[in-house]
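I've opened a fresh page for this one. My plan is to pick a few spots, look each one up and jot down what turns up.

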Amino acid sequence: MKSILINASPRRTWNTAQLVREAQKGAESVGAQTEYIDLYDLRFTGCRSCLACKRKDAERCRCYWNDDLPPLIDRIFKADAVILGSPIYLGEPTAQFRALYERLIFCALSYDGGPAYFRGKVNAGLIYTMNCPREFYDSTYVPAFRNTERTFGSFLHGTVQTYAACGTQQVNDYGQYSMGRFNEAERKAHREKQFPLDLEACFRMGAELSRPAE
Ligand SMILES: Cc1cc2nc3c(=O)[nH]c(=O)nc-3n(C[C@H](O)[C@H](O)[C@H](O)COP(=O)(O)O)c2cc1C
């Protein structure tokens, strides 16, 4: 089993990265070979609509735009699981998450009216981290993100799991920033109690999505 773990936060060691690293440990605990990527280290854009992937002579599920993304897209289609972590920025996963999502899914999508081009199966894990409380995530973000989950499921044909870490600690010292909306003591207490549970959940996700089928 091969699992690809992707941190779609620009911060290499913060909340999202820590959870994705834990999912990597989970994947390795069941014997998967893993690859971890900080997505912001790659140079790429969203889909350029070159339509090279839709040419009659194109190799299917291949992105032809020449930047850092096509080799990663190739490896995702060959993997058994891909786990993507993203902070929520203005109610959505990050721009880099979105750019990868556009490129990955579009080159598997058929304009011929037939089924999607990808015939294999890749499990997908989505880890979101955010400032807002769980109640806001449940009422507002869950319905908004459903389409992304469905798309991963219908194009990659695997199991899709989502995990949300809410009320994350955004900075070490709130006193240094104009962030009066947040109560530092409450944030830190929440992190101490909740974040270990978030780590455990992401470890489980990594293991479950990377376990060989019985
Ligand atoms: C540009 C920007 C926009 C943000 N927008 C939201 C938002 O809409 N909702 C939310 O709950 N948190 C929002 N946040 C907070 C982050 O999602 C949260 O702190 C996240 O855990 C950061 O992940 P990281 O520590 O891995 O970088 C935003 C942060 C930034 C920098």
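Where is the place of Thr34? I found Thr34 in strand β2, which covers residues 33-38. A note to self before going on: this is a predicted model.

**Thr34 and its contacts**

I checked how covered Thr34 is, and its relative accessibility is 19%. Buried means under 20%, so Thr34 counts as buried. Next I looked for partners of its side chain. The side chain of Thr34 makes a polar contact of 2.5 Å with the side chain of Glu28. Another polar contact, at 3.1 Å, joins the side chains of Thr34 and Gln24.

**Ser9**

Then I went to Ser9, which sits in the loop between β1 (2-7) and α1. Is Ser9 buried or exposed? Ser9 counts as buried, because its relative accessibility is 6% and the cut-off is under 20%. I also noted that a polar atom of the Ser9 side chain lies 3.0 Å from the backbone nitrogen of Arg11.

**The ligand**

On to the ligand. Which residues come nearest to the ligand? There are 17 residues around it, and Asn15, Thr16, Ile88, Thr129 and Thr168 come nearest. I sorted the shell by class and got 8 nonpolar, 8 polar and 1 charged residues.

I listed some polar atom pairs too. An N or O atom in the side chain of Thr16 is 2.6 Å from an oxygen atom of the ligand. For Ile88 the backbone does the job: one of its N or O atoms lies 2.7 Å from a ligand oxygen. Asn131 also uses a polar backbone atom, which is 3.1 Å from an oxygen atom of the ligand.

How much of the ligand does the protein bury? Taken alone, the ligand exposes 650 Å², and the protein buries 79% of that. I looked up the pockets as well, and the space taken by the ligand is the largest pocket. The elements giving two or more residues to the shell are α1 (15-29) and β3 (81-89). The largest share comes from β3, with 3 residues.

**Pro143**

Last stop: Pro143, which I found in helix α4, residues 134-156. Its relative accessible area is 41%. Partly exposed runs between the 20% and 50% cut-offs, so Pro143 is partly exposed. I also checked its spacing from Gln161: the two are 18 residues apart in sequence, and 15 Å apart in space from C-alpha to C-alpha.

Key
Residues are numbered from 1 along each chain as its sequence is written. This is a predicted model: local features need pLDDT of at least 70, side-chain atom pairs count only at pLDDT 80 or more; totals for chains, interfaces and linings use all residues. Side-chain values use heavy atoms; hydrogens and water are left out. Helices (H or I, at least four residues) and strands (E, at least two) are DSSP runs, numbered from the N terminus. Buried means under 20% relative accessible area, exposed over 50%, partly exposed in between (1.4 Å probe, protein chains only). A residue is near a molecule or strand if one of its heavy atoms lies within 4 Å of it. A polar contact is a pair of N or O atoms within 3.5 Å; within protein, one must be able to donate a hydrogen and the other to accept it, and residues adjacent in sequence count only if both atoms are side-chain atoms. Accessible areas come from the Shrake-Rupley method with a 1.4 Å probe; for residues, only the protein chains shown count as cover. On a 1 Å grid over the protein atoms alone, a cavity is a set of points where a 1.4 Å probe fits but cannot get out, and a pocket is an open set with protein on both sides within 12 Å along at least five of seven lines; lining residues have an atom within 4 Å of a point. A molecule sits in a cavity or pocket if more than half of its atoms lie within 2 Å of its grid points. Ala, Val, Leu, Ile, Met, Phe, Trp, Tyr, Cys and Pro count as nonpolar, Asp, Glu, Lys and Arg as charged, and the others, Gly among them, as polar.
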